[in-house]
Amino acid sequence: MVASNTHMYATLDPTVWNEPNPVPIEAIQYVDDAGEDQSFFIKVQCGDYAQKLFTGEYASMRALREAMPDLTPRPIGTGQYTSNLDKFFYLCEFRELVEDVPDVEVFSSMIAEMRRRDVSPDAKFGFPVPTYGGRLPMIHPPSDTWEALFTQVMDTTFNVEEESQGGVDEEMQALRTAIMTKVIPRLLRPMETGGGRTLVPRLVHSDLWHGNVAVDANTGLPVIFDGIALYAHNEYELAPWRPARHNIGRSYIDAYLKHAGVTDPAEDFEDRNLLYCIKFNLNSSAHYPGNLRFRNIVREEMRELVDKYPDGYERWLKAYPDEAAVCPADNKGLLHL
């Protein structure tokens, strides 16, 4: 199956994002001719969206499995029911799970090890297959720089959140502009230009909050699932570990950094983490049309960064003239005010 990545988000109706996807009960009570009689975990959804969802999930979990087999259930396959062409499935290895957060040290060290093992095969940021975060499409086209990819992802995320919530107020629009033109260049570009620095695209799960993590009942080791894989700045993985509402939190960030280290400029780490968290919280807001809780969290987070970096990348260049470098060609055309 091949999923198109053209304007996928435009095909989703925000009014139905919170509605259950109707799947006949018999679809999970027997093994269809497209499967085999064995023990496995199965997801079933109906409609064109389901095909795209499971294609992305299968590609993500295959990549994560190849990097860290001990962390992920083995993906078996995805496809279409022969008895009902509107039904699609995702199959993976069955694991008996304990719904609990894993040990801080074990989990953080394994995620850091995944970072070390798996780098982009073509040195590009992004992912070749469109994926989904819940009902929201995640398009990560191949990019030469992390700033270029993240800028595009944030622009799309803002658009989807605005559509979900029925538009923006003037302050949100002003904050969005400042984030895109000031904050993103200021926090991301020094990692790829300052003093000749470069970023290596690393494989990340990218939605690693406690709802997508459990503990294997037989081994006691962490298990991760529902991946939205991409090759990114490795610290992007830590965004869901920042919100106080999550059970995987600050202690996990500290443990991870002990194993993986901090990207230079190290002094920007906390603000980069906050920037990545804004993207995570925008996704959360987009999933709840009419509920402004997450939008208001995002508003406060954006204010903090915009107030701190009103002069953007230009101020950093003035402060560190010896580290100035020509912007990568892939960044041309972005807003650098």
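A total of 26 salt bridges was counted in this predicted model. Three of these pairs are described here, together with one network.

The pair R303 and E171 has its closest N and O atoms 2.6 Å apart. R303 belongs to helix α7, residues 293–308, and E171 to helix α4, residues 170–193, so the salt bridge ties together parts that are 132 residues apart in sequence. Both partners fall in the intermediate accessibility class. R303 is partly exposed, with a relative accessible area of 27%. E171 is partly exposed as well, at 30%. This pair also belongs to a wider arrangement: D169, E171, R299, E300 and R303 are linked in a network of salt bridges.

Helix α4 also contributes R186. R186 forms a salt bridge with D268, and the closest N and O atoms are 2.9 Å apart. D268 sits in the loop between α5 (250–260) and α6 (269–286), which places the partners 82 residues apart and links distant parts of the chain. R186 and D268 are both buried.

The third pair joins E235 to R272, with a closest N to O distance of 3.0 Å. E235 lies in the loop between β10 (230–232) and α5, whereas R272 lies in helix α6. These distant parts of the chain are 37 residues apart. E235 has a relative accessible area of 2%, and R272 has 0%. Both values are under the 20% cut-off, so E235 counts as buried and R272 does too.

Key
Residues are numbered from 1 along each chain as its sequence is written. This is a predicted model: local features need pLDDT of at least 70, side-chain atom pairs count only at pLDDT 80 or more; totals for chains, interfaces and linings use all residues. Side-chain values use heavy atoms; hydrogens and water are left out. A salt bridge is a side-chain nitrogen of Lys or Arg within 4 Å of a carboxyl oxygen of Asp or Glu. Helices (H or I, at least four residues) and strands (E, at least two) are DSSP runs, numbered from the N terminus. Buried means under 20% relative accessible area, exposed over 50%, partly exposed in between (1.4 Å probe, protein chains only).
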